[in-house]
Structure formats: C-alpha cells, structure tokens
Amino acid sequence: MIFGLTFPEAAVIGLLFAAIQFGAMIYLASLGEMIAERAGVLNLGVEGMMAMGAVGGFVFAIETGNPWLGLLAAAVIGGAVAMIHGLFAVVLGANQVVSGLALTIFGVGLANFWGTDYEGLRPEVQFVDVDWGPLSDISWIGRILFQQSPLAYSAVLLGCLTWFVLNRTRGGLALRAAGESAATADAAGHSVLGLRLFAVAIGGAFAGIGGAYLSLSISPGWTVGVVAGRGWIAVALVIFGAWKVRRVALGAFLFGLAMALPNRTESFDLPWDPILWSMLPYILTIAVMIAGALVLRNRPPPAPAALGLPFRREER
Amino acid sequence: MDAAPLAVELKGIWKRFPGVVANAGTELTVKRGSIHAVLGENGAGKSTLMNVLAGVYRPEEGEVRLFGERVVFANPADALAAGVGMVHQEFRLVPTFTVAENVVLGAADRVLNMGAVERRVAELAGQFSLDVDPQRHIWQLSMGERQRVEILKALWRDAEILILDEPTAVLTPNEADELGLVIRRMANDGRSVIFISHKLHEVKQYCDEATVLRGGKTVAASMPVADLTPQQLAELMVGEATEAALRPEPRQAGEQLLSVQNLCALNNRSLEALSNISLSVHAGEIVGIAGVAGNGQRELSDVIAGLRESTSGTVTLFGEDITTATPRQRFRAGLSYIPEDRVGVGLAPQLSVTDNAILRSYREHTRGPLIAVDRAKAFCADVVDSFKVRTGSLDQRIAGLSGGNLQRLLVGRELTAEPSVIVASQPTRGLDVQGVKAIQELLIDARNEGLGVLMISEDLDELLAISDRIIVMHEGQIAAEYEGADADRSAIGLAMAGESP
C-alpha cells in the first residue's frame, strides 16, 4: 500500500502493458505529424487519417484474410488521404488549419460511411502478439515488453528510423530546412514543395498505421468513433515532445498510461466513476497546451520557424 | 583563350516587370580574378541584373556567358552548379542550424557525419581566413559572422564567381575592412567577385574595376577604379554633378526640448535592449544616433514615441514627464515620429493617400462624429503639394507609391503638425540619391526653424554630414558622443564595434 492505494501485481502489469500498447499506437500517429511539422506543414487531419486507416486496414484485412495486407492498405490510404491536405495546404498554399480541420471532418465521415457494413464484425484476422521465446517468459518485463503486438515493435523501429533520417542524412537536413526557412532550402537547390508533400504523405501513412493498430490489434473490429479523439492527442503530443523524436516517445508513454488507466480503476480501487477517469488523457492534452504556452511565452519556440507558412518563391 | 579570360559576360540583358523596365540592354563583363564593383542608384537595375546572373530571374533577351561559354539558368541551383554564388542582402540561413549544417545544406553526402563535415568546413574557412566556428548556431552569430557563413556556402559549392549584394550594409566599418581582405584573398585565388554598392569610398577601397548602371543601362563599363575619383563615380551614377554634401550652418543650440534619463527597456525577446540611456535634444540641433543595426536604436525610438514601455527611467518633453503618456498625448505635446518601418508603423499600405495623411489628426477634420471628407482632402492636398508627394490621386492606395514618395508623405504628415521635436528613425534608408537629399533637406530646414531633431541612422556618412552632435550606441548603451564638427569617422567606427577609441 502506498498513499492508501493498493497495487495488485496483475493490475500493474496489465496497466503498463496497455500503456505501452496505447503509447505505441499514439506514437505512430504523433511521429507522422512530427515529420510533417518539421517540414513546415501543420496537419490537423490526423484524426481523420487515423479513422481512414482504422477502417481501411480492417476492411482489407478481412477481405484478403491477411492483417499485414490490411496494415499496408492502412498506410497507403492514410498517405493518400493526407495528399488532400498536401494539395490544398502545400501546393495551393491554402490555410493549413482550415485544410487540416476539413480533412479531419472528411476522413471521419468517410470512414464511418465506409465502415457501415463492417460494423460489429468479429474479425478472424488480427495481429498476434510476438513471442520472443525466453525473453517473453521473464517475469514482469516479459509480459510488459516482450508480448506486444508486432505493431508496437514497428513503432520503435520507425522512431529510430525517423531520428536517423532527420538528423543524420542529407534528405533529413533538407526536410528540416524546409520547415525552418523554406526560402533557404529553396535557394540551396532543394524542392520545398517536394519535401513537404513527401513529409505530409509519410505523416499520413504513419497515422494510417496508428489507426490500423486500433482496429487490428488493440480492440479488433470497427465501430463508429473508435479513434475517439486520439488524433488530437497525437497533435498535442508533438508540442509536448518539442518536435523531438525521443521526447515525443516519452510523452506517448505518459499519454498511454493516461489512456490505459480508466479501464482499470476497479483493480486499483480508485475513487470516482471510471467515466471521469476516461477524461484524463484529454484533460492532460489541454493542460499540456496551456503549460506549453506559458513556458514558451518569453522564449523562442522550439517549433519549426516556418510551421504553417505556405511557400511561394518570391517573384517581383 | 587569352591570359586573362573573361569570367562573366552579360550581353544586352532585358528584364521587365509590370510597369518597370529593370534592365534595358544592360552589359557587364568581369575579368577572372578581379573584384568588380557594380554601382548605381536604387532602381538602376543592379539587383535585377545580379539575380539574372544568379539564376533567380530569366532575362527576356540577351545572353549570359561564363568563361566564354553560353549558359542558360532555370533556377539558382543551376547557377550554383555552374559556379555562380550569390550572397543576398537578406541572408539565406537557417537560424536553428549550425554553421556547418548551413554550409553543406545544398551539397552534402547522403549520410552525414557531422564531425567530419565540421572539420572540412573549418578547413575551408581557414583557407580564406574566415573566422567562424562551424559548431555554433546561426542565431548566436553577429551579422558579420553570418555573412562569412554565406561566403563559406558559396566557397563550399566551389563558386568561381561570387556576387555580394550591398555586403557592407550590415557591417561595422572594421568588419567591412575584414571583408575587403577576404574578397581580395579570393580574387588572388583566381575567383571573381562582383561587389554591388552605392557607397563610393568602398568601391575605391576594395574594388579593381567598376561598372556603373543608370536606369537599367550601362553608362560606364569596366573602368579601372584607380583612375577614378569618387566625384566622377557619383556623376556617372546620378547623371549630373552632385553638390557637395549638405552641411547645415553651425549654430548655437537653444533650450532643451526632449530629455531622456537613465532609460532602460526590453526588446521583443524580453532581453535588455536599453540600459541607462541618457540624452537630450535641444532646439535647433540635429542629434544623430549612430550604431550597427540591433544595438537598441529601434527600442530607443519606440520608447520615446510611446510604442514600447520602459522598465525604468524617464522621458521628458519641455520639462514635463511623458514617460507613461500615450502616443497621441505625446504627439499633441509636440513630438512627431518617423518610424523605421515607414509602411506598417508609419503608414497603412491598404489605405488611401488621404486616409494616411489624416491618420494623426483625423479628429480635427470632422463634422460631428463623422470625418469631413472635403476638409480631409483639402488637408491632404496641402501636404501633397508642400512636400512634393507624387501621386496619381488622393484616393489612390499608397501601396502603389514609391519609397521616396511614401517617405515624403510620412514626413509631410508629421511636420505639418508643427511639432517641436521630431524623432526620425532611418528616414532615408532605401531611398535613391534624390530622395535621400530631399528628406535630409526637410530635416535640416526643420532644425533651422528651431525644431529639435533626433535622427537614427545606420549610414555614418549621412550622420556625419548633417548632425550637430553624434551619439554612438552599442549593446543598448551610449558608447561615445561627439560634436559634429570634430567627429572622427574611424573613432566612431571603433565605438560602433564596441571598442573604446
């Protein structure tokens, strides 16, 4: 007992397992948003792209009988939907906030429409948790870290890959330059438009994979509203993580905890109704936004300097 | 090929923009291994011509030859690949990147090994004695250092031809001399440097040859600088013999009008921008504030005009404390302000000439609660006439007016209010020779009529010409103060750089 709370072993293991599961899911979406933002494009369509990924992944997994094909479809669909934002916000230079919000509304609506016939279906295909042999048998750690869905490990892999590409390659340097000072990247001979479209497409693909994680692994199946605002959490997480791969990962785990807790209030004997606890991640999101604004008030922001600014080559 | 082949030949370049012909058959030839000045007033077509050479603009007619071969550039990257590098007036650097990252941005290995990259950048910098640390971030650097990074970028891309667009505008005199040494070293290395300027003494000091443009045409091509006097260069630029620099009659200053005591203020990033500034302006004198951009001049003028709060200290006008007065109260008390951003702070670009003219005094042109349009127009017509603002109509949006006309309108509006003190921040920046002269004359007239003028300028020659006293600011403090007559150019230069003379 600590502070009058009980911590039954099974409940703690379950909580940490779920925290990593939710965290990895949200991390995928956040990572994608971070890549787009590092290139200078704010995409508020994450929620819509996740919804499309969730329904598309589920439908393709059922129709092909293979969850991996479902996952591939989710990534392609997420990237394709993101290109709507790419067209308006990047190519045509429209307001990124408006275009992103429209994408969320459109994506969620289309996903609900597409999913009508699949609602409530119990899928035979879903991702099976990976068995790491002896590692998986270690007490505590084995269950928490080594019996996760393959998607959790892919999140870690994609995180490492993203870090390497952004910080250790020519392309990553150019992409970051496009987000910090588009005119500079342009003058150096890089295609700002190309870099930004690429970043938005990758962001969409990652969000699609995050959505498929929900519909093919965490709670297999499709129901309307399965994404439940997590796309917005992903956007907040990028700010929380100060546009850094590793800090976003840390934030994802914390938000994962906040998302996993409401289902387990009884095991921990927590006061109040579970419904109240399920508000936690969203309250945390608002708190992060406010805290971020306060901390940054008198400091140069860590945000990419050209974030949200359309680029057009200057011609007199 | 002969012994000294031509690095650059621009032949019969035509480039038009809506309403303007920027280049009308402009010619330019630059020898290999020489420093070549391109001179001209604002609007002479220098920048456009250089942007053609650097691949930013495509000429409508004419040809570009490098080392005797004809080239056509679709974009700046093409030009860079062909060996033409350009350092623009606004630096193209990523502030959050390190020096090394900025240098290699356009030409890096697929996978970066930053340690090795930094070593190679340091080596290259050493080769040309460019003093800059590859690991530092751009935002930490002075303007002079940033310029060195831009030059390094061009060298990294192995530019044979380097274009510098008014490179000394952001430098202290000493930094400018250092730049002179760097480009001389590059020329000795066999590279060609094109040096755009309208400062004659620099051209004499740093360049081998000069080409003068006027109205988009070449009026003098590749003249050896050594044989020319600044007067000759000036005549070629302006097209007529210029009078000697304006200099007001020395006179006894009158009573103290504006006084600033121990003034402190923060900049937009909440860092201290002014620390303990004390100065005063008397009737019938022009007090010049010299300094490199960003040493608190902007904050000083903002605080005096009431656009920025001070953290401590006082501002008094006619002995009355106006430290907390609103801009309008100050204006009514006799303080006029010509802000650095003439469009934006001084004038509203989307409003008409009339609306801008009455921005300060609209309360005097009313009938009941409404603006009396006829009276406002009459007032505006008066300003336009007396200050020779060239405008199509009074209802025209001012966005279409040239810089010189905008400034005449702004100065006219502020002087028509019959102030006793006028604070003018960079009032002649960006104007052509005629425009500069007109504004300077207006300020001198105001002084002769007994007004106190506080003039902030980055152009030291201008301050030396028209100020009765010169105050040098450095890092938010007053570094030195001189009487106009015995002010020494090099001593002021040292003070601007933060070194005690």
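Guide: A salt bridge is a side-chain nitrogen of Lys or Arg within 4 Å of a carboxyl oxygen of Asp or Glu. The model discussed here is predicted, and a search of the whole structure gives 26 salt bridges over all chains.

Visitor: Why is the pair of B:Glu209 and B:Lys31 called a salt bridge?

Guide: The closest N and O atoms of B:Glu209 and B:Lys31 are 2.6 Å apart. The cut-off is 4 Å, so the pair qualifies as a salt bridge. The two residues belong to distant parts of the chain: B:Glu209 is in strand S9 (residues 209-214) of chain B and B:Lys31 is in strand S2 (residues 20-31) of chain B, 178 residues apart.

Visitor: What makes B:Glu209 buried or exposed?

Guide: The relative accessible area of B:Glu209 is 10%. Buried means under 20%, and therefore B:Glu209 is buried. Its partner B:Lys31 has a relative accessible area of 33%. That value lies between 20% and 50%, so B:Lys31 is partly exposed.

Visitor: How do you know that B:Glu145 and B:Arg136 form a salt bridge?

Guide: Between B:Glu145 and B:Arg136 the closest N and O atoms are 3.6 Å apart. The limit is 4 Å, so this pair also counts as a salt bridge. B:Glu145 has 17% relative accessibility and, because the bound for buried is under 20%, counts as buried. B:Arg136, at 30% relative accessibility, counts as partly exposed.

Visitor: What makes B:Arg367 and B:Asp374 a salt bridge, and why are these residues called partly exposed?

Guide: The closest N and O atoms of B:Arg367 and B:Asp374 are 3.1 Å apart, and the rule asks for within 4 Å, so the pair is a salt bridge. B:Arg367 has a relative accessible area of 47%, and B:Asp374 has a relative accessible area of 47%. Exposed requires over 50%, so B:Arg367 and B:Asp374 are partly exposed.

Visitor: Which residues are linked in a network of salt bridges?

Guide: The network links B:Arg298, B:Glu340, B:Asp341, B:Arg429 and B:Glu458. Side chains of opposite charge can pair when their charged atoms come close.

Visitor: How many salt bridges does the rule find across the interface of chain B and chain A?

Guide: The rule finds one salt bridge across that interface. B:Glu101 forms a salt bridge with A:Arg176, with the closest N and O atoms 3.4 Å apart. The cut-off is 4 Å, so B:Glu101 and A:Arg176 meet the rule. The interface also has seven residue pairs in polar contact, both residues at pLDDT 80 or more. Helix H2 (76-81) and helix H3 (99-104) of chain B are the elements that give two or more residues to the side of chain B that touches chain A. H2(B) gives the most, with three residues.

Visitor: What is the extent of the contact between chain B and chain A?

Guide: In this interface, 28 residues of chain B are in contact with 21 residues of chain A. The two chains bury about 2,100 Å² between them, 60% of it on carbon and sulfur atoms. In chain B, B:Arg92, B:Leu105 and B:Leu112 lose the most area to chain A, together 26% of what that side buries.

Visitor: How many salt bridges are counted between domain 1 of chain B and domain 2 of chain B?

Guide: The count between domain 1 of chain B and domain 2 of chain B is zero salt bridges. Nevertheless, nine residues of domain 1 of chain B are in contact with 12 residues of domain 2 of chain B.

Methods: Residues are numbered from 1 along each chain as its sequence is written. Chains are lettered from A and ligands numbered from 1 in the order in which they are written. This is a predicted model: local features need pLDDT of at least 70, side-chain atom pairs count only at pLDDT 80 or more; totals for chains, interfaces and linings use all residues. Side-chain values use heavy atoms; hydrogens and water are left out. Contact means heavy atoms within 4.5 Å. Helices (H or I, at least four residues) and strands (E, at least two) are DSSP runs, numbered from the N terminus. Buried means under 20% relative accessible area, exposed over 50%, partly exposed in between (1.4 Å probe, protein chains only). Buried area is the accessible area (1.4 Å probe) that two parts lose on being put together, summed over both. A polar contact is a pair of N or O atoms within 3.5 Å; within protein, one must be able to donate a hydrogen and the other to accept it, and residues adjacent in sequence count only if both atoms are side-chain atoms.
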